[in-house]
Amino acid sequence: MTPHVASQKNVYRFIAGKADGHGAMKDLLGGKGAGLAEMTAAGLPVPPGFTITTAVCHRYYAAGNQLPADVWEESCAALREVEAAVGKTFGDATNPLLVSVRSGAKFSMPGMMDTVLNLGLNHTTAQGLIQQTNNERFARDAHRRFIQMFGRIVLGVPGERFDHALETLKAERGIRQDIELTAADLQQLVAQFEAIVERETGNPFPYDPYEQLRLAICAVFNSWYGKRAVDYRRLNKIPDDLGTAVNVVAMVFGNMGDDSGTGVAFTRNPSTGEPVLFGEYLPNAQGEDVVAGIRTPQKLEALRETMPDVYAQFCEVAARLERHYRDAQDLEFTIERGKLWMLQTRNAKRTGAAAVKIAVDLVQEGIISPEEAVLRVEPNHLDQLLHPMVDPKADITLLGKGLPASPGAAAGAVVFDPDVAEKRAQSGERVILVRAETSPEDFHGMVAAQGILTARGGLTSHAAVVARGMGKPCIAGCGELILDATGMRLGGQTLAEGDFITLDGTTGRILLGDVPLVSPEIGAEFETFMRWVDDARKMRVRTNADTPHDARVARSFGAEGIGLCRTEHMFFEGERIDSVRQMIMVSGTYQRLIAALDKVAGDLERLRGDAQKVSALEAERAALEAELETPARLFRGALEALLPMQRADFVGIFEAMDGFPVTIRLLDPPLHEFLPHTDEEIAALAAKLNLSVQDVQSRVAALREHNPMLGHRGCRLGIAYPEITEMQVRAIFEAAVEVARRGITVLPEVMIPLVGDVNELRAQEAIVRRVADEVQQAAGVMIPYLVGTMIELPRAALTADKIATVAEFFSFGTNDLTQTTFGFSRDDAGTFLPMYVERKILADDPFQVLDREGVGELLRIGTQKGRAARPTLKVGICGEHGGEPSSVAFCHELGFDYVSCSPYRVPIARLAAAQAALRQPRA
Ligand code: PEP
Ligand code: MG
């Protein structure tokens, strides 16, 4: 780790209205520490405490997991001041101070790191706590909870050991609820738990509160590199080198009776964005009970009945914090004997739909500007707005209902174990993780699942919070759900692992089977929001679409043209493949004969004076012409059959994109992709085309390539078979003429793929212009059009100045450019790239996130050289990166005219382009 912030001060206090830090110091104090400092300074009721900085975390690791002596001294000094503020003493036999020790990184990682509560208890201080509170049962309970938590988190004792002892005692007493245990029972548990610790660790439970504190601080630092935390950071792209802070805070107790309690609240509904205080509350409980989802909490409004003054105070504090932070907040609070304490505030995590609604509402409430609103929504979050929901027309069997914890719908096979979920998902299955409740240990299974269902827990339980963050449907607290060794029982049905259910996280319905899903409708706020997005962005956003249907979908998502129409995809549809195959089967013979005829013609020219040779050559020519007749008929016939089909597709696409440019790429893939592979397929094709099986086999063999991605594809095909280029260009312009006559504005851009040398482009461009002119002349209709190329080979980028003398536009094909720059095969790199990312050889999969350093450099060079040679050159991108937010931002930085991506990613690209423009105005 490298320290991000150089600082002398290791410990920042927040005590009695005074704070050393403030809300903007998240790097150093973590989100929680910064929030506590800010709230304290704002005069809100915050229990006193101090934050050990993230810089110490770096020092801790640098020192080989040792807490530096100066940090310990500063911590003890701060603890003295906390003691003074609350009038209690740490370790004191009559009036002991207890503290919580909590993690807190710059970015919130809910439940991913460790927390210890009630620290400072031992047999002596427990007596003091009894005196202080006059409540022996409470003190014994706090003590046994502390040993349990400290034992598990700090000393690494398996939690089940404690659970087992607890359950055994409850069984012996014939009771079901923890709350029914007496003070004497709890005291017995304290002794049992201490014995468990000694047995498991070989050492007695640490008695000295200072030793407890030191060990707990170290444990929080250690948890930064715990598996859960590392997994979470990987998923959320949080850098490992941020480190965590540690917060040591005077304990306040929510479990001191019915005038105490604890809760979590959001200043606005985090699922829908509705501007109403939304939260949950557990009377007579400690914070961990809410977060862990062990008991199902009450609605926050219940407080209005039981403690109206505290409720009113809380509402005021919530409103104040939202105004202060100018964003929806997620609050944690505890009420101790009727007094409200704020334990945390942070910007609330929210669904995509809520993010958009909150941003729009905050603008309308005059709190933020439209530009700030645009920056408030994560581009990838928009994905959720476009998420599927249960088809309202589908036949459904309702199994049961739970709490609608995270919206969207998903179907999958039920699994009851996170490891199984991970394994099944890896083999390509859709799974739904079903658990009694989830805990951070289940995280990998939640990542793997399409959706999550739990029997217990509320809307702020672990399952709910984590699923919402991941944008996955989740239903929590489904009380009727019974889980046992055979599987699950719900709604009178018994389901075993592998049986299908569908979750509707928006309504909380659990449905039997694999129910069909549909795309969602988009709300009015979305339109408003996207208007601001479009006002802010400088780049155009086009789509990659090959059919009129996709083009229409994309246009409804705001696409401003087509950046890539892969014409080969049209060749696969329906019967068309037959014509393509016919063309390929005869193309070899056809070409050989054409070449032979060319040679004869040349010889005839050369040997004109030699009558004898001339007559032999003419005989040869006649024979060749006779031989050519059939292949030529078949070859041209196939192209003639394809022409009207392609033309009809182009007509549909031009109609859908009326007024917008449409970039059509000429045929790209290697020919053998169209040919049959198995013996049966080969025999069937031979029968269809009236050829021998052997003929088909030898043609298939002749076209086989060792590395087809680098083989006879792209413009290399059009150069070898100019007839294909001619046919495609004819189809484009005949379609253009047809729609232009109907008043549609058509702007075709003909794109030549996989060019590495300007001469390749020149040869193809000549054909394009010739055929385009022929069609326009014949029709008497002129169509404005461009001819350009894809830049998808390093050589093309490096010689872009030459290429731009011919090309009127560049479209960076970053899929192939990534492949050829890294020398990774697009088809096979998936076998080792995850390992590369895992081991941090590469930060990201470069086929997903554009590699700025290498591939990006080629984009920069290509754009610069291209524009130097042709200042009006249009530049765009059409590889998969065109819909990936950070890659879109890079394209903005390079001054691209547009990005192009798949239809469903168009809104994401629009937002990413807008944010890039707001963050980095370009020249
Ligand atoms: C590319 O290579 O980036 C590209 C868009 O073309 P394709 O994916 O069709 O090769
Ligand atoms: Mg390509």
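This passage walks through the predicted model, from its domains to two of its sheets and the surroundings of ligand 1.

The domain assignment splits off two parts of the chain: domain 1 covers 388-518, while domain 2 is built from two segments, 537-670 and 705-919. Taken over C-alpha atoms, the centres of domain 1 and domain 2 sit 44 Å apart. For a further part of the chain there is a database label to go on. An unreviewed UniProt entry lists residues 27-65, 66-304 and 313-362 under "domain: Pyruvate phosphate dikinase AMP/ATP-binding". Two of these stretches can be described by their make-up. Residues 27-65 are 62% helix and 10% strand, with 21 Å between the end C-alpha atoms. For residues 313-362, the figures are 48% helix and 34% strand, and the end C-alpha atoms are 23 Å apart.

Next come the sheets, starting with an open one. It is made of 3 strands with antiparallel pairing, in the order β21-β22-β23. Strands β21 (482-484) and β23 (493-495) are the edge strands; each has a single partner, so one side of each has no neighbour in the sheet. From one strand to the next, the twist averages 20°. Looking at one pairing in detail, β22 (residues 487-490) is joined to β23 by 3 bridges, with the two strands running antiparallel. One residue pair to look for on screen is L490 with its bridge partner Q493, which belongs to β23.

The other sheet closes on itself. Here 8 strands form a barrel with parallel pairing, and going round it the order is β27-β28-β29-β30-β31-β32-β33-β34. On average, and with direction ignored, neighbouring strands of this sheet are turned by 25° against each other. Within the barrel, β33 (residues 874-877) and β34 (residues 898-901) run parallel and are held together by 2 bridges. I877 has V899 of β34 as its bridge partner.

That leaves ligand 1. It has 13 residues around it, and those that come nearest are R566, G813, N815, D816 and R826. Strand β28 (562-566) and helix α31 (814-822) each give at least two residues to this shell. The largest share, 3 residues, is supplied by α31. Strand β28 is also one of the strands of the barrel, so the barrel and the ligand shell have that strand in common.

Individual atom pairs fill in the picture around the ligand. With R566, the side chain is what counts: one of its N or O atoms is 2.7 Å from an oxygen atom of ligand 1. N815 uses its backbone instead, placing an N or O atom 2.7 Å from a ligand oxygen. G813 also approaches through a backbone N or O atom, at 3.3 Å from an oxygen atom of ligand 1. As for cover, ligand 1 taken alone exposes 290 Å², and the protein buries 96% of that.

How values were computed: Residues are numbered from 1 along each chain as its sequence is written. Chains are lettered from A and ligands numbered from 1 in the order in which they are written. This is a predicted model: local features need pLDDT of at least 70, side-chain atom pairs count only at pLDDT 80 or more; totals for chains, interfaces and linings use all residues. Side-chain values use heavy atoms; hydrogens and water are left out. Two strands pair if DSSP finds at least two bridges between them. Helices (H or I, at least four residues) and strands (E, at least two) are DSSP runs, numbered from the N terminus. Axes are lines fitted to C-alpha atoms, for helices over the stretch in contact, and angles run from 0 to 180 degrees between N-to-C directions. Domain bounds come from an automatic or database domain assignment. UniProt positions are given in the numbering used here, feature names are shortened, and annotations may be inferred rather than shown by experiment. A residue is near a molecule or strand if one of its heavy atoms lies within 4 Å of it. A polar contact is a pair of N or O atoms within 3.5 Å; within protein, one must be able to donate a hydrogen and the other to accept it, and residues adjacent in sequence count only if both atoms are side-chain atoms. Accessible areas come from the Shrake-Rupley method with a 1.4 Å probe; for residues, only the protein chains shown count as cover.
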